[in-house]
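Student: I am new to this structure and would like to look closely at one part of it. Could you take me through that part slowly, once it is in front of us?

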Amino acid sequence: MLFELRTFASHSRSRLIVLVLAFFVCYRLLTRDSTKPVTRIICDTIVQRLTTMPYSIIQRVVGETLPVYNDWAKGESCIEPIPDIAGANLLWIGEKKTERVILYVHGKSCGGYGMPYLAGALPFWRYVKDKVTECVRSDRIGMAVFSYSLIPEGIFPTPLKQLIQAIVYLVESGTPASNIYLVGDSAGANLILQLLAHSLQPIPDVPRSVSPNTKFGGIYLMSPWVDPLADTFTPSMPHATEDIFYPDAYKMFGTIALIGVPPAQRMYMQIIEFPEGFFRDLKQNMLVSYAGRETLRDSIKLFYERHLQGKENVSLAFDKDGIHDDPYANFNMFGARPKGELTAAIIDWLAKSLSA
């Protein structure tokens, strides 16, 4: 994110926004009672304050998917357009390898399907991929970021159609579904759940290339955004005061994300609305994680209890002191500091899934 902030600040009209962010960072540092490192507090505060600003400003600061990826990859980028559908790409992390593929469905920095947050996610998933490769002692594992159309172009069900086509493309290229490992955070996890819901109860005019009998190698959902309309939020949420997203920010972005969605199809994004037990027939190897200090905590817990609790091959990881997408925050503009039980749990689950 440092590159985007510098570019943003180079414009005179943007300097005031940077000064506002600097003020809140200084205030947070002076009043902090947290044991978090200073670098974490700086990065968390910047993202937290950005979510309260107009949508256009957030997009300018965060940057677009492809430029952020190219800047991070530093000349080693590998962008592969997905055939037969516009606006979607596979962004390979490292060398393209298709025997077994970890497909990362990115979430957001703010605003649901409006913005990618790859600044921390890209180095995090490269670290995870490298560690998993060491654990399973295989150099035949590839990893790609699924880059899809964002709002306003990417309204429902466009991202879902693009994800389906990405999976079809990988399968037709020689990677069976059983060797595809879907991982996603926040809105990306929501998109994976849309895919699973569509496989059980198809949406009209959306290809049904993934059926209830399609079994992936594994599915990991980090802090899944199951309640975009914030129906499960309560007036007081003291556990979420340090989260990077305030409840009002989620409500605003969720409302934007669901604009134009037909009422009969709203539950495909507002996942929490599916009747209890809707996902009971899923036969997937899954890991779901959530954090004790994130705004989405209670909605994720409720979703898990209604649909996944007690199912075979489904695990739940709880990051007691973490916030939304917490592992990414340790891979920030100040460098990578991989740590935490959740990061270790993700690596362990992926390694076991790839070894099965």
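Student: Does F331 count as buried or exposed, and what is the relative accessibility of F331?

Tutor: Please keep in mind throughout that this is a predicted model. F331 counts as buried, because its relative accessibility is 4%, and the cut-off for that word is under 20% relative accessible area. F331 belongs to strand β9, which covers residues 331-332, and its ring takes part in an aromatic pair with the ring of F124. The two rings of F124 and F331 stand edge-to-face, with 5.6 Å from centre to centre and 80 degrees between the planes. F124 sits in helix α6, residues 118-136, so this pair with F331 ties together parts that are 207 residues apart in sequence. F124 also counts as buried, since its relative accessibility is 0%.

F331 has another ring partner, Y127, and in that pair the centres lie 5.6 Å apart while the planes make an angle of 50 degrees, which makes the arrangement tilted. Y127 is likewise a residue of helix α6, so its pair with F331 in strand β9 ties together parts that are 204 residues apart in sequence. Y127 counts as partly exposed, because its relative accessibility is 24%, whereas F331 is buried at 4%.

These pairs can be placed in a wider setting, for ring pairs link F331, F124 and Y127 with Y104, W125, Y220, Y328 and W349 into a cluster. The count for the model comes to 18 aromatic pairs.

One member of the cluster, Y104, leads us on to the sheet, as strand β3 is made up of residues 100-105. Strand β3 pairs in the parallel sense with strand β5, residues 180-185, over five bridges, and V101 stands opposite I180 in β5. Both strands have their place in an open sheet of eight strands, whose order is β1-β2-β4-β3-β5-β6-β7-β8 and whose pairing is mixed. At the edges of this sheet are β1 (79-81) and β8 (314-319), each of which pairs on one side only. Neighbouring strands of the sheet are turned against each other by 20 degrees on average, direction ignored. Helix α10, residues 297-307, lies across β7 (286-291) and β8, and runs at about 150 degrees to β7.

Conventions: Residues are numbered from 1 along each chain as its sequence is written. This is a predicted model: local features need pLDDT of at least 70, side-chain atom pairs count only at pLDDT 80 or more; totals for chains, interfaces and linings use all residues. Side-chain values use heavy atoms; hydrogens and water are left out. Two strands pair if DSSP finds at least two bridges between them. Helices (H or I, at least four residues) and strands (E, at least two) are DSSP runs, numbered from the N terminus. Axes are lines fitted to C-alpha atoms, for helices over the stretch in contact, and angles run from 0 to 180 degrees between N-to-C directions. Contact means heavy atoms within 4.5 Å. Rings of Phe, Tyr and Trp (its six-membered ring) pair if their centres lie within 6.5 Å; planes under 30 degrees apart count as stacked, over 60 as edge-to-face and the rest as tilted. Buried means under 20% relative accessible area, exposed over 50%, partly exposed in between (1.4 Å probe, protein chains only).
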